[in-house]
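Take a guided walk through this model. The ligand site comes before the helices and the backbone.

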Amino acid sequence: MRTLIFATNNQNKVNEIRKVTEGKFKIITLSEAGINIDIPEPHDTLEANATEKSTVIHQLTNQNVFSEDTGLEVAALNGEPGVKSARYAGEGRDFQANIDKLLLSLENITSRTAQFRTVISLILDGEEHLFEGICKGHILFQQIGQQGFGYDPIFVPEGATQTFAEMTMDEKNNYSHRKKAVSKLINFLSGL
Ligand code: IMP
């Protein structure tokens, strides 16, 4: 089985991606690879940040590695918080602070369409490949549900009646941006 380092410190993302790559790839986390660094996300696009993360880890390990960067793009806010989704309410603020700020930004706004967009950067045998996954949906006026992470409690994907935070991981993966990007990654690797 092919081994890939997943360049993230976010255990939720590792769990989601392990679930959809089970039996196909061995996913090694940064800590399992003995790497204990905070990977920078200094750029203003998801693509550039994903590339930065996979490149940093590839240079450290010389192994095959992929990284992903995800943003929640809200149409009424011209695509914000987008690449700034993790620190929308400020550096070091938590998921709840980000949700609170987003709900406030959308107060009295009825057009609430949004999408999660994931970009994966794979560095395989020294060459980079990019994959994108999009999940369209809308933002609620209040949060519902306890599962998942990040903006899950306020996001309802198109075709669903529940938020991501009300879904099991399998249910979320029926819609998920990350799952779609990972499926493209798997198809690519399977075709080699
Ligand atoms: P990152 O920069 O890719 O780690 O993600 C940016 C932020 O987007 C995270 O801190 C979360 O708040 C949010 N995010 C990423 N993926 C998801 C998801 O699947 N559900 C909800 N929020 C997410």
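A residue counts as near a molecule or strand if one of its heavy atoms lies within 4 Å of it. By that cut-off, 16 residues surround the ligand. Lys13, Thr70, Asp152, Lys172 and Arg178 come nearest.

This is a predicted model, in which local features need pLDDT of at least 70, side-chain atom pairs count only at pLDDT 80 or more, and totals for chains, interfaces and linings use all residues. Residues are numbered from 1 along each chain as its sequence is written, and side-chain values use heavy atoms, with hydrogens and water left out.

Now the polar contacts of the ligand. Such a contact is a pair of N or O atoms within 3.5 Å; within protein, one must be able to donate a hydrogen and the other to accept it, and residues adjacent in sequence count only if both atoms are side-chain atoms. The side chain of Lys13 places an N or O atom 2.6 Å from a ligand oxygen. A polar backbone atom of Thr70 is 2.9 Å from an oxygen of the ligand. For Tyr151, a polar backbone atom is 3.1 Å from a ligand nitrogen.

Next, the helices. Helices (H or I, at least four residues) and strands (E, at least two) are DSSP runs, numbered from the N terminus. Axes are lines fitted to C-alpha atoms, for helices over the stretch in contact, and angles run from 0 to 180 degrees between N-to-C directions. The axes of H1 (residues 11-21) and H5 (residues 177-190) come within 10 Å and cross at roughly 45°. Contact here means heavy atoms within 4.5 Å. H1 brings Lys13, Glu16, Ile17, Val20 and Thr21 to it, and H5 brings Arg178, Lys179, Val182 and Ile186.

Finally, the backbone. Most residues other than glycine have a negative phi, and most peptide bonds are trans. Asn62 is not a glycine, yet its phi is positive, about 55°. Asn62 sits in the loop between helix H2 (46-61) and strand S3 (65-74). The Glu80 to Pro81 peptide bond is cis, with omega near -5°. Pro81 belongs to strand S4 (residues 81-82).
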